[in-house]
Amino acid sequence: MGSNSPEYLSLQPGSGSEGIGWEGESDGPPAGAQSARPDPPRRKPVWLAAPATHILLAINCGVWLAMVAKGVSPINPTVDQLMNWGASSAGNVLIEGQWWRIITAMFLHVGILHLATNMWCLWNLGLLAEPLMGSWGVLAVYILTGAAGNLLSTLANWLQYNTTNAFPAGAGASGAVFGIAGALIVLLKSNRLPVPPVELKKLRRSVIYFAAINLFIGFSISIGTAVWGKGLNIDNYAHMGGCACGLLFAAPMVPRLGSPRPAFNLRLRIAVGMIVGILVLFGFFLVQLPPQQN
């Protein structure tokens, strides 16, 4: 996962958007209130304004610290070590039925450089996404799009390696990060947002560039590895699956800012239900794949 991050425009309470929230609501004093010198708005800590983003950062970093504490290399862990900690593999998922790896793999990283680049991107995108889709929305889009990316990667690896019985291990939050980017591309198109259209257009363009550049980098590295026979292995299928799922997740949603609370909550539930249904159906499809060829 590359380290290119979109231009950051603060939409969080306490950072230039005081009084902006659900449609028809305001954090300011009631109309007609008498105050000779109103108190300045209190600025929230960043972690409190975007708790889901920081919870996800803490879990990912905590898993890496736990691995290092148990003797795993902080820079270059082995495949066996990664599998012991929950990395995903088409063989383990489809042959041994270890479907839980689809989830655990998105919190596991292949060394500190892999962790740092993914967490930098998650932090930038999460701070932008959380005011638009709420904390539960960020958690949902991370888990669901990360799972979508890992499921697509499982299918691709099964089709490519099922005759060799040598399935690669997959780990990392990049599929989920691409999922958040995909959701932002859709939500930032909304005319409900209390942001000047010119700034909104620039911000959306920066997210699109972020996704496109990192996809290009991933494919370039994979081609170089194939040509030279050595190098990094980038899970581009996880990236594509996560981004596509993020676009689909946000399609029925309205952004939290500038929308009535009931409309946002309903649309969020529809988005979650729709993606869960699609992932379950895709899982049933994977179960029906032909048995491994020896």
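A nonpolar core is a set of buried Ala, Val, Leu, Ile, Met, Phe, Trp, Tyr and Cys residues joined through side-chain atoms within 4.5 Å. In this predicted model, the largest such core has 62 residues. Y142, L184, L188 and F249 have the most contacts inside it. Seven helices are named as sources of at least two core residues each: α2 (51-69), α4 (90-94), α6, α7, α8, α9 and α10 (261-287). The largest share comes from α6, with 19 residues. A second, separate core has six residues, among them M67, V72, A87 and L108.

The fold around these cores is helical. The chain holds ten helices and zero strands. From the N terminus on, the order of elements is α-α-α-α-α-α-α-α-α-α. The chain has 294 residues, and 45% of them count as buried. Contacts often span long stretches of sequence. Of those between residues at least 6 apart, 78% join residues at least 24 apart.

F249 illustrates the packing of the main core. Residues up to four places away in sequence aside, F249 touches G137, A140, V141 and L144. F249 also touches L268, A271, V272 and I275. One of these partners, G137, sits in helix α6. G137 has a relative accessible area of 0% and is therefore buried, the cut-off being under 20%. Beyond its neighbours within four places in sequence, G137 is in contact with F249 and L268. The contact between G137 and F249 thus appears in the lists of both residues. G137 was also compared in position with R256. These two residues are 119 apart along the chain, and their C-alpha atoms are separated by 9.6 Å.

Aromatic pairing was examined next. A search of the whole structure finds five aromatic pairs. One of them joins W158 and F167. The rings are stacked, at 5.6 Å centre to centre and with 5° between the planes. W158 counts as buried because its relative accessibility is 5%. F167 is buried as well, with a relative accessible area of 15%.

N157 adds a polar residue to this region. N157 is found in helix α6. Its relative accessible area is 16%, so N157 is buried. Neighbours within four places in sequence aside, N157 is in contact with A90, N162, F167 and P168. F167 therefore has a place both in the stacked pair with W158 and among the contacts of N157, and F167 is itself buried.

The open space of the model was then mapped. The largest pocket has a volume of about 1400 Å³. Its lining comprises 47 residues. Nearest the pocket centre lie A169, L232, N233, I234 and D235. Five helices each supply at least two residues of the lining: α3 (79-84), α6 (112-161), α7 (174-187), α8 (197-228) and α9 (236-250). Helix α6 gives the most, with nine residues. By class, the lining has 21 nonpolar and 25 polar residues. One charged residue completes it.

Helix α6 recurs throughout. It supplies the largest share of the main core. It gives the most to the lining of the largest pocket. It also holds both G137 and N157.

Note on methods
Residues are numbered from 1 along each chain as its sequence is written. This is a predicted model: local features need pLDDT of at least 70, side-chain atom pairs count only at pLDDT 80 or more; totals for chains, interfaces and linings use all residues. Side-chain values use heavy atoms; hydrogens and water are left out. On a 1 Å grid over the protein atoms alone, a cavity is a set of points where a 1.4 Å probe fits but cannot get out, and a pocket is an open set with protein on both sides within 12 Å along at least five of seven lines; lining residues have an atom within 4 Å of a point. Grid points are joined across faces, edges and corners, and a volume is the space filled by probe spheres set on the points. Helices (H or I, at least four residues) and strands (E, at least two) are DSSP runs, numbered from the N terminus. Ala, Val, Leu, Ile, Met, Phe, Trp, Tyr, Cys and Pro count as nonpolar, Asp, Glu, Lys and Arg as charged, and the others, Gly among them, as polar. Buried means under 20% relative accessible area, exposed over 50%, partly exposed in between (1.4 Å probe, protein chains only). Contact means heavy atoms within 4.5 Å. Rings of Phe, Tyr and Trp (its six-membered ring) pair if their centres lie within 6.5 Å; planes under 30 degrees apart count as stacked, over 60 as edge-to-face and the rest as tilted.
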